[in-house]
Amino acid sequence: MASSESKVPLIINGKRTDGRDMEDLRNLRIEVGVIPEADGSAFIEWGGNKIVCGVYGPRECIPRHGASPYHALIKCRYMMSPFASLEEHSRSGPSRRSTELSKVIREAFENLILADKFPNTQIDVYIDVLQADGGTRTASVAVAAVALANAGIPMKDMVSAVAVGKAGGMLALDLNKIEDNFGQSDMPLAMSHRDRKLLLVQMDGLLTRDEVMRILDMAERGCDKVHEVQAEALKRFYEKGEGETVKW
Ligand code: CDP
């Protein structure tokens, strides 16, 4: 929801509203295996975002007539809880926005998962936003990638994601909610780690061609930092002792 003329001051004394420099990420933490019942799961806390993801599958496709004899169907359901933010004000159930986000997140993973290894099955990716603070679609991609890895689903590559944009006239990495809502532009994107392929790109507001090139470089560096946290979380999970509980 970027606006070209923001009345909200987004840069104060050269710093952003939360004290960050333009290329700083918000605090980021990922925990793996938070839902033992699921085949794979993870929780992400990224700035004020709190998002949990559970992965089930590959499992029997329901309804069976929808199955493909060639590949697994990837099903993705992004949902924001009614208490996730003030805007949600107790609304629950699917919305146009949750349908859109489920679609773009699913498409990112359809380009990564080796679905042809599992014909006639489906892989379910459930994403629940418990608290929202800007950039929930990119945080959802980051946490779902870790949950899929935890479920042992083979993927061509790992994917990381971050939202970049322009706030207070300056290019910025990892927009928070105020910057997303009142900045001039926001561009959420997801990038595969090894191949550097863009698997999700959306954009709101205006950027010049030169700004887009600069912001893509910034996003690439941001995705590398997110990847470090993803890899570290998986490593920590597999190094911990059997039966140790995972704290959210
Ligand atoms: O979350 P993301 O930035 O990917 O999507 P957005 O539609 O650009 O929303 C930006 C932010 O506005 C969200 O992260 C939420 O903090 C807030 N929002 C909300 O709380 N409730 C909505 N229905 C829509 C947006």
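Which residues is K15 in contact with, leaving aside its neighbours within four places in sequence? The exercises below work on a predicted model, where local features need pLDDT of at least 70, side-chain atom pairs count only at pLDDT 80 or more, and totals for chains, interfaces and linings use all residues. Residues are numbered from 1 along each chain as its sequence is written, and side-chain values use heavy atoms, with hydrogens and water left out.

**Exercise 1. Describe the setting of K15.**

Step 1. Place the residue. K15 is found in strand β2. Helices (H or I, at least four residues) and strands (E, at least two) are DSSP runs, numbered from the N terminus.

Step 2. List the contacts. Contact means heavy atoms within 4.5 Å. Leaving aside neighbours within four places in sequence, K15 is in contact with L10, R20 and D21.

Step 3. Classify the exposure. Buried means under 20% relative accessible area, exposed over 50%, and partly exposed in between (1.4 Å probe, protein chains only). K15 has 35% relative accessibility, so K15 counts as partly exposed.

Step 4. Check a distance. K15 and N181 are 166 residues apart along the chain, and their C-alpha atoms are separated by 18 Å.

**Exercise 2. Do the same for S192.**

Step 1. S192 lies in strand β10 (residues 185-192).

Step 2. Its relative accessibility is 3%, so S192 counts as buried.

Step 3. Residues up to four places away in sequence are not counted. S192 then touches L112, D157, M158, V159, K197 and L199.

**Exercise 3. Analyse the packing of α2 against α4.**

Step 1. Find the angle. Axes are lines fitted to C-alpha atoms, for helices over the stretch in contact, and angles run from 0 to 180 degrees between N-to-C directions. The axes of α2 (residues 136-150) and α4 (residues 209-239) come within 10 Å and cross at roughly 30°.

Step 2. Name the arrangement. Angles under 35 degrees count as roughly parallel, over 145 as roughly antiparallel, 65 to 115 as roughly perpendicular and the rest as oblique. α2 and α4 are therefore roughly parallel to each other.

Step 3. Give the hand. A crossing is left-handed if the near helix is turned anticlockwise from the far one by less than a right angle, and right-handed if clockwise. α2 and α4 cross in the right-handed sense.

Step 4. List the residues. From α2 come A142, A145, V146, A149 and N150; from α4 come V226, Q230, L234, F237 and Y238.

Step 5. Sort them. Ala, Val, Leu, Ile, Met, Phe, Trp, Tyr, Cys and Pro count as nonpolar, Asp, Glu, Lys and Arg as charged, and the others, Gly among them, as polar. The contact of α2 with α4 has eight nonpolar, two polar and no charged residues.

**Exercise 4. Repeat the analysis for α1 and α2.**

Step 1. The axes of α1 (residues 96-110) and α2 come within 10 Å and cross at roughly 45°.

Step 2. That angle makes α1 oblique to α2.

Step 3. The crossing of α1 and α2 is right-handed.

Step 4. α1 brings R97, E100, L101, I105 and F109 to the contact, and α2 brings T136, R137, S140, V141, A144, A145 and L148.

Step 5. The contact of α1 with α2 has seven nonpolar, two polar and three charged residues.

**Exercise 5. Find and classify the aromatic pairs.**

Step 1. Apply the rule. Rings of Phe, Tyr and Trp (its six-membered ring) pair if their centres lie within 6.5 Å; planes under 30 degrees apart count as stacked, over 60 as edge-to-face and the rest as tilted. The count comes to two aromatic pairs.

Step 2. Take Y56 and Y126. Their ring centres are 6.1 Å apart and their planes stand at 65°, so the pair is edge-to-face.

Step 3. Locate both rings. Y56 is in strand β5 (residues 49-60) and Y126 is in strand β7 (residues 121-131), 70 residues apart. Y56 is partly exposed at 24% relative accessibility, and Y126 is partly exposed at 28%.

Step 4. Take F237 and Y238. This pair is edge-to-face too, with 4.9 Å centre to centre and 85° between the planes.

**Exercise 6. Inspect the backbone.**

Step 1. Look for cis bonds. The peptide bond from G57 to P58 is cis, with omega near 0°. P58 sits in strand β5. The bond from I62 to P63 is cis, with omega near -5°.

Step 2. Look for positive phi outside glycine. Phi of N13 is near 50°, and D174 has a phi of about 55°.

Step 3. Is each residue buried or exposed? N13 is exposed at 78% relative accessibility, whereas D174 is buried at 2%.
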